Structures are given as structure tokens and as C-alpha cells.
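Dear colleague,

Please find below the structure that I am handing over to you. My notes on what was found in it follow directly after.

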Amino acid sequence: MNPTAGDPVVVLEGLTRRFGTAVAVADLSFAVERAELFGIVGPDGAGKTTTLRLLAGVLPPTSGDARLFGISVAREPERVKPQLAYMAQRFGLYEDLTVAENIHFYADLYRVPRRERADRIERLHAFSRLGEFSDRLAGALSGGMKQKLALSCALVHRPALLLLDEPTFGVDPISRRDLWLILHEMVAEGVTIVVSTSYLDEAERCDRVVLLDRGRVLAFDRPAALQAAFPGRLLSVATAEPRDARDRLRDHPAVARATLFGRNLHVQLAPGGSPEAVAAALAAAAIPTEGIVAIEPSLEDVFIDRVAGSAVS
Amino acid sequence: MLDPIRLAAMARKEWIQLRRDARSMALAFVLPLLLLLFFGYAITWDVRDIRLAVHDADGGADARDLIQAFESSGYFRVVSRLDRSADADRELEAGRALAVMAIPPDFGERLRAGEPAPVQLLLDGSDANTATIALGYADAIASRFGQQVVLRGVRIDPPVEVASRVWYNPELRSRNMIVPGLVAVIMSIIAAMLTALTIAREWERGTMEQLAATPVHRLEVVLGKLVPYLGIGFVDVAVAVAAGVFIFDVPLRGNLLLLAAMTLLFLIGALGLGMFISAAMRSQVLATQVAMIATYLPALLLSGFLFDIASMPVVLKAATAIVPARYYITVTRGIFLKGVGVEALWAQGLAMIVFAAAGLGLAAATFRKRIAP
């Protein structure tokens with residue numbers, strides 16, 4: 001039962017969870033390699049949280065299984081737990097305990113030896129900068145600080161696998177950046193991380209991602225590979241009237257899809273379509289444009305394409 | 001399998017949270033004492049100073065003697081004298097009198113003639129318990145008065161005389177019965193209420209999901225949470241016993257060590273029951289309500305605290321077998337008033353061992369480290 005370095009750390013085999021008749025996740029099968037930063041990406045309700053709960057052993061699967069370090073999480077969830085850390089989406093620490101009390105509580109639960117503890121906590125404080133707040137109640141921390149505390153409690157036993165459910169949700173941009181820096185450091189030290197996010201810019205930081213929609217796998221690959229596989233060329237149209245432009249282009253034969261991106265419009269060209277055809281169509285409708293440029297598809301473009309594709313089929 | 005460090009961590013964490021929550025602390029330490037004082041003073045079965053209105057149509061010396069006999073008994077207090085017997089209704093309706101005694105005009109005459117001399121007693125039966133007791137007192141006073149009249153001047157020895165003596169509570173103070181029983185009733189409720197919150201609160205706040213992902217064993221969670229409440233329960237019982245002895249003047253004749261051992265068993269069961277409810281309901285509001293219903297009424301009505309179990313209907317009598325307060329009440333009353341030891345209370349001890357095992361077992365079997373089944 002001692003997996004060699006080459007074996008995947010997490011292997012999902014038809015992992016399925018139903019709540020009554022509703023299917024939360026269906027037949028998930030993929031593997032996460034050691035020291036990989038693995039992203040689970042999808043909109044709300046895609047099944048990200050359910051997937052992580054199933055992996056963490058706090059929710060039993062309806063069918064299928066996941067092996068973590070070769071151990072079945074369906075059959076022996078308790079044997080898996082000492083080696084992993086799970087950070088729920090909702091802040092799960094005790095708000096009426098101080099920062100230090102929370103950390104020591106989790107250190108006790110994971111049986112971190114006393115003599116190693118001071119050293120580890122010091123290291124955790126070095127990245128979290130929570131040291132000066134040791135005696136502050138966790139409930140009195142800011143959102144970003146809370147997440148760093150949660151991460152500290154998760155890391156105090158040096159898990160080999162980290163399961164994080166939207167760790168940057170509701171966190172300010174600077175703390176978000178800090179958190180991702182920490183995750184990259186952890187991966188560099190050999191920790192495997194499975195992280196869910198609904199921010200696609202974050203997903204692009206992952207080694208590989210799985211795109212989930214309504215409980216099913218839409219795509220599973222490296223972000224760059226997914227972007228490269230994007231069908232057709234992509235244009236970004238800058239215009240003062242993006243909504244009118246979208247409505248005009250939606251059914252145009254040169255256009256496969258037109259999607260609003262903030263103040264811009266992303267236009268995916270149909271086979272045979274060209275930027276000139278798009279410009280002509282907008283000019284014919286008297287919609288002023290401030291530039292039409294070809295761009296590389298982002299993960300968000302890929303995601304929209306895949307979701308729309310699966311909705312049609 | 002159980003790890004002492006994890007167990008201690010759970011207990012410490014729970015205690016810190018309790019300590020910082022004013023509401024929990026009030027529920028743990030203030031409420032039990034308040035209930036004890038409140039019920040201890042409010043509940044009494046001693047019927048004294050029954051308000052009596054008298055309509056004396058006779059007005060003679062014998063009638064006065066009879067009224068005097070009622071007054072000097074200590075059970076009745078004459079609050080008004082009525083001129084017309086028709087006023088009796090008004091006195092009872094207005095609640096000014098609990099009983100009305102009407103002495104007929106020929107009362108003295110009949111007595112002197114050696115004839116039966118009936119006296120009318122009207123009782124407010126809306127409180128049946130008090131009315132029955134008052135009737136008993138009145139009967140006793142009247143018949144003694146009758147004897148004295150018949151035997152006026154002559155002394156004879158009755159062939160059979162019952163010399164009764166009441167043991168354990170010679171003055172028949174109801175408080176001596178109530179206070180030890182109250183300890184059991186109050187602790188049944190408080191113990192279950194305390195732990196009913198603990199697991200449900202963690203599910204509601206989302207801390208249980210995090211805890212469930214750690215290697216902590218579910219028995220470590222249940223037992224670790226139990227420890228601080230066990231300490232609280234012990235302090236509560238100790239304070240209640242001290243209040244019983246020093247405030248209510250109830251004699252404590254038995255062995256304190258035995259009381260402590262029995263209390264331990266009882267508390268484990270009662271706290272376990274609360275935790276079972278908490279684990280099953282997963283909602284603080286629901287768990288509190290269920291714990292209240294599951295403990296309050298049975299402990300009050302089916303424990304022998306208010307009503308004698310022996311005189312209950314068969315079905316209710318059978319139901320009392322699963323009311324833990326019933327056994328603990330026998331223990332507290334036995335140790336307080338009778339000073340009995342293990343030889344008299346071993347059956348109650350066994351019942352409470354079963355109860356403790358059941359409470360803990362149910363809690364451990366119901367609590368799962370799972371968000372959904």
C-alpha cells in the first residue's frame with residue numbers, strides 16, 4: 001500500500017453522488033498526479049463542492065469510488081484523512097477561539113508532536129503574517145486573514161494532499177495573490193493540491209484543470225492545451241454598444257458565437273468567417289466599433305464554448 | 001483506538017467555547033440554581049391556614065367551641081363571619097374563603113340532647129388536592145370534637161389505639177421530599193439541554209464539516225464534548241445539594257460519595273441523551289425543543305416527583321421504567337432522607353448504568369462524520 005512516486009495521488013473512478021433524484025456529480029473519472037496543482041473549474045452548481053467533499057471523505061459517494069494514495073475513500077474514509085487536509089468553502093474554524101487556539105486544536109487532532117509544533121507554527125506565521133494576531137478571536141479576522149488561518153490549520157500537519165474548496169472566495173485581491181503564492185510554494189515542496197474555483201483567471205494558474213458543468217466533466221487537460229484546442233478564431237470587438245453588436249452578430253453566418261466580456265464582445269468565427277465579414281456586418285447596422293482584433297482564447301472563452309457545446313448536444 | 005490527546009483537545013476546545021458564551025454559562029450555572037430556588041419555594045403540599053368562613057346560626061357556647069377547635073388546629077383560619085347562609089356562595093366564588101362552615105340554629109340543643117348534630121361544610125373543589133386535604137382535616141377535627149362532647153368529663157381508654165409515627169420525615173414537611181426530587185428533575189432537563197446544542201451548533205456553523213475531514217474518531221468527539229458538561233453537571237448538583245441543606249434545611253443523612261457515584265452515572269446518561277438528540281436533529285432550535293419535551297414532562301410527571309408511581313395506571317407505570325429521573329429521584333431521596341446505602345439502591349444503580357450506556361451508545365451511534373448519509 002505504499003504507492004511509488006509515479007502513481008497518481010488521486011484517482012476518481014466513476015465517482016457519482018446523488019441527493020434524492022438530483023445528480024450532484026455523475027461518473028467523474030480522472031487522475032491527479034503527485035505535486036500537481038489541479039483545478040476543478042465550473043460555475044455555481046457544477047458539482048465542485050460535492051466533488052471535494054467526496055474526496056475529503058465527509059460525504060459518501062452514491063456509486064463509484066476515489067482512491068487517494070491507493071486507499072478507497074468510499075470504503076475507508078478514515079484511513080485517508082490523516083494524510084490530507086480539506087478546507088471547506090465556508091469558514092470552518094471556531095470563531096470563538098483565538099488564532100493560536102484554533103491552530104493548536106488542529107495540531108492536536110492530527111497528533112503533531114509538541115516539540116515540532118513551535119517550529120511549524122513559526123513557519124506558518126511567516127507566510128500568513130498571523131503571528132501578531134495570535135490572541136485575536138478568529139471571528140474578528142478579515143476575510144483574507146480567515147482564509148490564511150484556515151490554510152494554516154490545514155497545513156499544520158504537513159499533509160501530502162490539500163483539498164481546497166474556493167479558497168479565494170470573498171477574499172481581497174492582495175490576499176488572493178498571497179494565497180496563490182503559498183499554493184505554488186506548497187506544490188514546489190511536493191504537495192499535491194486540488195483546488196476548486198469559479199475564477200477562470202485562477203484556473204489558468206493550475207497545471208491541469210477539469211471543467212465541470214452540471215456534475216459532468218466537460219474537459220480535462222492543461223489550460224494551454226484547452227486554449228489551443230479552441231475551435232475557430234477569436235476576435236475581440238471594442239464597441240460602445242456591445243449589446244446591440246452581440247444581437248446583430250449572433251445569427252450572422254460568419255459568427256459561431258458572440259459573448260459579452262465586460263465592455264467588449266468576444267466573437268468566435270464560424271468556419272469560413274473572417275474579421276472583415278464581422279466588421280462589415282456591424283458597419284451595415286451602423287454600430288460604431290473602436291477596433292476589432294484577433295486574440296488568444298482565455299480559459300473563460302474555452303469554458304463558454306464547451307458549456308454551450310454540451311448544452312446543444 | 002481512542003487517543004487521549006485528541007480527546008483532551010476536544011474537551012478543551014469545548015470548554016473554551018462554553019466559557020466565552022454567556023448564554024451557555026447562564027444555562028449551565030445560573031438556571032439550575034434559579035429553578036431550584038423557584039420550585040423549592042413555590043411547590044409545597046403542606047396545606048395550612050385554610051381560609052374558612054363561618055355562618056354561625058346557633059351562636060351558643062358549643063358552636064363557639066367548635067369554631068375554636070378549627071382555629072386552634074392550625075389548619076384553618078377564620079377569615080369572615082357570615083350573617084346569612086346564602087352569603088356562602090359569594091365567599092367561595094370570590095375566593096375569599098376556601099371553605100365555609102354553616103352551623104345550624106339547633107346545633108347546641110341537639111348536642112345537649114345527645115342527638116346527631118350535623119354541620120355543613122362547603123369546599124371550593126376547584127383545587128381538588130387542597131380540598132381533599134382540607135376535608136380530611138375538617139373530618140378529623142369534627143370527630144375529635146364529637147368525642148370530647150360525648151365523653152365530657154368521663155375518661156375511658158379505647159380498646160384499640162393506633163400509635164402512628166412517621167419515619168424519615170417526621171414533620172411531614174413536603175419540602176424534604178421536594179428538594180431532593182427537584183435536583184433530579186432539574187438536572188434531567190439542564191443536562192439534556194446543555195448537550196442538545198453542542199453537535200447541532202457545529203453542523204449549523206459549518207465547523208463540523210471541517211472537523212469531519214480530520215482523523216478525529218467520532219467517539220473522541222462525543223466523549224470529548226461530554227467531559228466539560230460532566231464537570232458542569234457535577235458542580236450544579238453540588239450547589240443544589242448545598243442549597244438543599246443550607247437554604248431549605250433538608251436533612252442529608254446518607255453517604256456523599258455514593259451520591260456522587262450515582263450522580264456520575266445519571267449525568268452520563270442525561271448528557272448522552274442530549275447529545276444523541278443533537279446528533280440526530282442537527283439543528284439547535286429543533287434539538288432544544290426535542291430535548292425539552294423528552295426530559296421535562298417525563299421528569300416532572302413520570303418520575304414519582306409529583307405523582308406516586310405505584311398509583312399510576314398500568315400503561316403509565318410501565319412508561320416510568322424508561323424515565324431515568326425516576327431512578328435518580330429514588331437515589332436522592334433515599335440518600336438525603338433515609339441515609340440508605342448501596343444495599344438499598346443497587347437496583348437504581350444498575351438501571352442508571354444501563355441508562356448511561358444507552359445514552360452514550362445512542363449518541364456515538366448517531367453521530368457521523370458525514371454531511372449527508
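Arg205(B) is partly exposed, because its relative accessibility is 41%. In this predicted model, Arg205(B) forms a salt bridge with Asp96(A), and the closest N and O atoms are 3.6 Å apart. The pair crosses between chains: Arg205(B) belongs to helix 7 of chain B, while Asp96(A) sits in the loop between strand 7 (84-87) and helix 3 (99-109) of chain A. Asp96(A), at 18% relative accessibility, counts as buried.

A second link between the chains involves Lys369(B) and Glu78(A), whose side chains meet in a salt bridge of 2.5 Å, N to O. Lys369(B) lies in the segment after helix 14 (342-366) of chain B and Glu78(A) in helix 2 (residues 77-80) of chain A, so this pair joins two chains. Lys369(B) is buried, with a relative accessible area of 7%, whereas Glu78(A) is partly exposed at 36%. Arg111(A) likewise forms a salt bridge with Asp3(B), with 2.3 Å between the closest N and O atoms.

How many salt bridges are there between chain B and chain A? The count is six, and the structure holds 37 over all chains. At the interface, 29 residues of chain B are in contact with 31 residues of chain A. The two chains bury about 2,700 Å² between them, and 55% of this area is on carbon and sulfur atoms.

Within chain B, Glu220(B) forms a salt bridge with Arg6(B), the closest N and O atoms being 2.8 Å apart. Glu220(B) lies in helix 9 and Arg6(B) in helix 1 (residues 4-19) of chain B, so the pair ties together parts that are 214 residues apart in sequence. Both Glu220(B) and Arg6(B) are buried. In addition, a network of salt bridges links Lys13(B), Glu14(B), Arg201(B), Glu202(B) and Lys225(B).

I turn next to the nonpolar cores. The largest has 129 residues, and those with the most contacts inside it are Leu149(A), Leu151(A), Leu162(A), Ile193(A) and Leu211(B). Helix 7 (residues 174-205) of chain B gives the most to this core, with 16 residues. Another core lies apart from it and has 34 residues, among them Leu59(A), Phe69(A), Ile71(A) and Ala212(B). Leaving aside residues up to four places away in sequence, Leu211(B) touches residues of chain A, including Tyr94(A), Phe105(A), Tyr106(A) and Leu109(A), and residues of chain B, including Met10(B), Glu202(B) and Lys369(B).

Phe69(A) also appears in the strand pairing of chain A. Strand 5 and strand 6 (residues 71-72) of chain A run antiparallel and are joined by two bridges, with Arg67(A) partnered by Ser72(A) in strand 6. The hairpin of these strands has two residues between them, and Phe69(A) takes a positive phi near 55° there. Strand 5 (residues 63-68) of chain A is also joined to strand 1 (residues 10-19) by five bridges, again in an antiparallel arrangement. In that pairing, Asp65(A) in strand 5 is the bridge partner of Glu13(A).

Two further residues deserve a look for their backbone angles. Most residues other than glycine have a negative phi. Asp27(A), although not a glycine, has a positive phi of about 55°; Asp27(A) is found in strand 2 (residues 22-28) of chain A and is exposed, at 54% relative accessibility. Asp249(B), likewise not a glycine, has a positive phi of about 65°. Asp249(B) is placed in the loop between helix 9 (218-246) and helix 10 (256-281) of chain B, and is exposed with a relative accessible area of 57%.

Finally, the overall layout. Chain A has 11 helices and 15 strands, and its C-alpha atoms fill a box of roughly 75 × 45 × 40 Å along the principal axes. Of the 313 residues in chain A, 54% are buried. The domain assignment of chain A gives domain 1 (28-49 + 84-227) and domain 2 (231-296), with 39 Å between their centres, taken over C-alpha atoms. Chain B is divided into domain 1 (19-43 + 174-366) and domain 2 (50-150), whose centres, taken over C-alpha atoms, are 47 Å apart.

With kind regards

Terms used. Residues numbered from 1 in each chain as written. Chains lettered and ligands numbered in written order. Predicted model: local features only at pLDDT ≥ 70, side-chain atom pairs only at ≥ 80, totals over all residues. Heavy atoms only, no water. Domains from an automatic or database assignment. Pairing = 2+ DSSP bridges. Helix = DSSP H or I, 4+ residues; strand = E, 2+ residues; numbered from the N terminus. Buried < 20%, exposed > 50% of the residue type's maximum accessible area, 1.4 Å probe, protein only. Core = buried A, V, L, I, M, F, W, Y, C linked by side-chain atoms within 4.5 Å. Contact = heavy atoms within 4.5 Å. Buried area = accessible area lost by both parts, 1.4 Å probe. Salt bridge = Lys/Arg side-chain N within 4 Å of Asp/Glu carboxyl O.
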